[in-house]
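Colleague: I am new to this structure and would like to learn how to read it. Could you take me through some of its features?

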Amino acid sequence: RNQQQFVRDLGLAIERIVVGSVEWEYHRPLLVGDHVTGTRRVVDDTTREGKRGGTMRLVTLQTEWVDQHGDTVITQREVLIERNAR
């Protein structure tokens, strides 16, 4: 996957991005032979003023990882922070 293009598609400037948090929720243990596929979507996109001035844009992404049977095995959440957002 091309992270730089993904960030550009979200309208973010990669040189101003930091990762705010990453969280993994396991719904069951992964097993040898599992084939998992992830689908990522934007679940929140907000802007707020930073503590030291400047605007921050917070984009929350969620990836649902499903196994070969279509069952969700992992949910991944991450927050991207664009500093000095325009």
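Modeller: Gladly; we will go through single residues, then a core and a pocket. This is a predicted model, where local features need pLDDT of at least 70, side-chain atom pairs count only at pLDDT 80 or more, and totals for chains, interfaces and linings use all residues. Residues are numbered from 1 along each chain as its sequence is written, and side-chain values use heavy atoms, with hydrogens and water left out.

Colleague: Let us start with Glu 82. Where is the place of Glu 82?

Modeller: Strands (E, at least two residues) are DSSP runs, numbered from the N terminus. Glu 82 sits in strand β4.

Colleague: Is Glu 82 buried or exposed?

Modeller: Buried means under 20% relative accessible area, exposed over 50%, and partly exposed in between (1.4 Å probe, protein chains only). Glu 82 counts as buried because its relative accessibility is 4%.

Colleague: And what does Glu 82 touch?

Modeller: Contact means heavy atoms within 4.5 Å. Not counting residues up to four places away in sequence, Glu 82 touches Leu 12, Ala 13, Arg 16, Ile 17, Thr 55, Met 56 and Arg 57. For Ala 13 there is a further detail: its backbone nitrogen lies 2.9 Å from a polar atom of the Glu 82 side chain.

Colleague: Thr 75 caught my eye too. Which side chain joins that of Thr 75 in a polar contact?

Modeller: A polar contact is a pair of N or O atoms within 3.5 Å; within protein, one must be able to donate a hydrogen and the other to accept it, and residues adjacent in sequence count only if both atoms are side-chain atoms. For Thr 75, the partner is the side chain of Glu 64, at 3.1 Å. Thr 75 is in strand β4 and is buried, because its relative accessible area is 2%.

Colleague: How does Trp 65 read, buried or partly exposed?

Modeller: Trp 65, in strand β3, is partly exposed because its relative accessible area is 23%. Its side chain makes a polar contact of 3.5 Å with the side chain of Gln 76. Leaving out residues up to four places away in sequence, Trp 65 touches several others, among them Trp 24, Val 36 and Ile 74.

Colleague: Asp 67 follows soon after. Where does Asp 67 lie?

Modeller: Asp 67 is in the loop between β3 (55-66) and β4 (72-83). With 6% relative accessibility, Asp 67 counts as buried. Beyond neighbours within four places in sequence, its contacts are Arg 28, His 35, Val 36 and Val 73.

Colleague: Which residues make up the largest nonpolar core?

Modeller: A nonpolar core is a set of buried Ala, Val, Leu, Ile, Met, Phe, Trp, Tyr and Cys residues joined through side-chain atoms within 4.5 Å. Here, the largest has seven residues: Val 7, Leu 10, Leu 12, Ile 17, Val 59, Leu 61 and Leu 80. Leu 61 also has contacts with residues including Phe 6, Arg 40 and Gln 76.

Colleague: Finally, which residues line the largest pocket?

Modeller: On a 1 Å grid over the protein atoms alone, a pocket is an open set of points where a 1.4 Å probe fits, with protein on both sides within 12 Å along at least five of seven lines; lining residues have an atom within 4 Å of a point. The lining here includes Arg 48, Lys 51, Thr 55 and Asn 84. The elements giving two or more residues to this lining are β2 (37-49) and β3.

Conventions
Helices (H or I, at least four residues) and strands (E, at least two) are DSSP runs, numbered from the N terminus.
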